[in-house]
Amino acid sequence: MSAPKTRVFSGIQPSGELHIGNWLGAVRTWKTKVEAGTEDNFYCLVDAHAITVPYEPAELRERIDLMAMDLCACGVDPEKCTLFVQSDVREHMELAWYLSTVTPMGDLSRMTQWKDKSEGKDSVSTALFTYPVLMSADILLYKAAIVPVGDDQLQHLELTRETVRRWNFRFGNMFPEPQPVAGAVRIMGLDGQAKMSKSKGNTIAVFEDKESAWSKLKGAYTDPQRLKKSDPGRPEICNIFTMHTLLSTKETQDEVRANCTGGKWGCFDCKKVLHERMEHELVPLRAKRAELSTAKTREALGDGASKARRIARETIREVREVLGLGSLAKGAES
Ligand code: TYM
C-alpha cells in the first residue's frame, strides 16, 4: 500500500471580491498544488470567519456562491480537491471551543490582526478576538501538515503550531504541527498604506476587466522619492516591483530593474509592463469564470462538505475521547 498523501488545508473569507493579493499570496499556490495532485488538498470558504465583523447576511450568501465560482475558475478544481464551505461542517465550531481551552488569552491579544481590527472601535465581538482559534480548528480538524497562506496569516499559523504543542503535550500526540509554504508574500494595497485587502478598498480584483484594472493600477502608489522619470528608482521598496517578481519573467524583471534604477523608465512604464503580465495571467481565468454556473458549483460544494465531514467527525470523536467528554449513554452521539 502506498503512503497516504500529505494533507494541505487553506481557507479564504467569502467577504469580498477575490483580489490580486489573494491570488499571488495564496490561491495561485492552491492551483499549483491541485494540478500537481501529489497532496490531499482541502480548500475552504470560511464563512464563519466572515461574520466576526459587521456584515449583511443576504450579501454573504451571494458572496459564498461567487467566491466558490471564482476559486473554481482559478484552478481550484473541485474534481481534484475538497472544496467546501466551513459552516457546512459544524465540527469546525465544536473543535474551536475545545481548542480555546488550551489557548491563552494573552496569545490572542498579541495577534496583530486583532490589534488592527479592534483598534479605536468602541465595541468588537468576542468572535473577532477568538478568530485565530477557529482558524486553528479549521486546520487541525483535518490534521493538515501544510497550510499555503500569504504573509499576513503566518502569525495565526504560528499560534496554531503553539496550540498543537500544548495539546499534544497535555493529551498525547494527536495533531501534526502545520507548516506554511516557503516564501509567503505580502502584496501591499494600491494606496501603498496597508496590505491589499477587501476591507480597505485598495485592491485590483482578479476578475476585473482590463480597462478598470489599468485605471486602478496606473494610479498606484510607488516610490515616493521619485518625482521625475530621471530620478533613480528603488525597486526593492516598490510594490509594483514586488508584483513584477511574481508575475514577470526573469528577463522582464531585470529589464524593469535596470530601467527603474537607471532613471530610464518612469513608474508609468513599469506599470504598463506589469499590466500586460497581469492580463497574460488573468485572461484564461476570466474565460473559465464565464463558463461556470452556480448550480454546478453548489453541487461540488455539497460533495466537498460530505467528504470533509467524514474526516471532521472522526477527529471530533478522538478529541472528545481524550478530553473525557460525553455521557457514554446509549443514544448519545459520540
Ligand atoms: P483572507 O480571506 O484574508 O485571505 C485569503 C488568503 O489570501 C492571502 N492574502 C494575501 N497574501 C498576500 N498579500 C495580500 N495583500 C493578501 N491578502 C490576502 C491570505 O494570506 C490568505 O492566505 N484567516 C484567513 C482565512 C482562514 C484560513 C484558515 C487560512 C481561515 N481559516 C485556515 C488558512 C488556514 C483569512 O482571513 O484569509
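**Note on the ligand site and the two domains**

1. In this predicted model, a backbone N or O atom of Gly 21 is placed 3.2 Å from a nitrogen atom of the ligand. Gly 150 also takes part through its backbone, one of whose polar atoms lies 2.8 Å from an oxygen atom of the ligand. With Lys 198 the side chain is involved instead, an N or O atom there being 3.2 Å from an oxygen atom of the ligand.

2. The surroundings of the ligand are made up of 27 residues. Gly 150 is listed among the closest of these, together with Tyr 131, Asp 138, Asp 152 and Ile 187.

3. As for the overall division of the protein, domain 1 is made of two stretches, 7–187 and 293–323, while domain 2 covers 208–289. Between the C-alpha centres of domain 1 and domain 2 there is a separation of 31 Å.

4. Where the domains meet, twelve residues of domain 1 touch eleven residues of domain 2. About 1,100 Å² of area is buried between domain 1 and domain 2, and carbon and sulfur atoms account for 66% of this area.

5. Charged and polar pairings across this boundary can also be listed, and the count of salt bridges between domain 1 and domain 2 is two. In one salt bridge Arg 28 is paired with Glu 281, and their closest N and O atoms are 2.9 Å apart. Four residue pairs, with both residues at pLDDT 80 or more, are in polar contact between domain 1 and domain 2.

6. Which helices supply residues to the side of domain 1 that touches domain 2? At least two residues come from each of α1 (20–36) and α3 (57–73). By residue type, that side of domain 1 comprises nine nonpolar and three charged residues, with no polar ones.

How values were computed
Residues are numbered from 1 along each chain as its sequence is written. This is a predicted model: local features need pLDDT of at least 70, side-chain atom pairs count only at pLDDT 80 or more; totals for chains, interfaces and linings use all residues. Side-chain values use heavy atoms; hydrogens and water are left out. Domain bounds come from an automatic or database domain assignment. Contact means heavy atoms within 4.5 Å. Buried area is the accessible area (1.4 Å probe) that two parts lose on being put together, summed over both. A salt bridge is a side-chain nitrogen of Lys or Arg within 4 Å of a carboxyl oxygen of Asp or Glu. A polar contact is a pair of N or O atoms within 3.5 Å; within protein, one must be able to donate a hydrogen and the other to accept it, and residues adjacent in sequence count only if both atoms are side-chain atoms. Helices (H or I, at least four residues) and strands (E, at least two) are DSSP runs, numbered from the N terminus. Ala, Val, Leu, Ile, Met, Phe, Trp, Tyr, Cys and Pro count as nonpolar, Asp, Glu, Lys and Arg as charged, and the others, Gly among them, as polar. A residue is near a molecule or strand if one of its heavy atoms lies within 4 Å of it.
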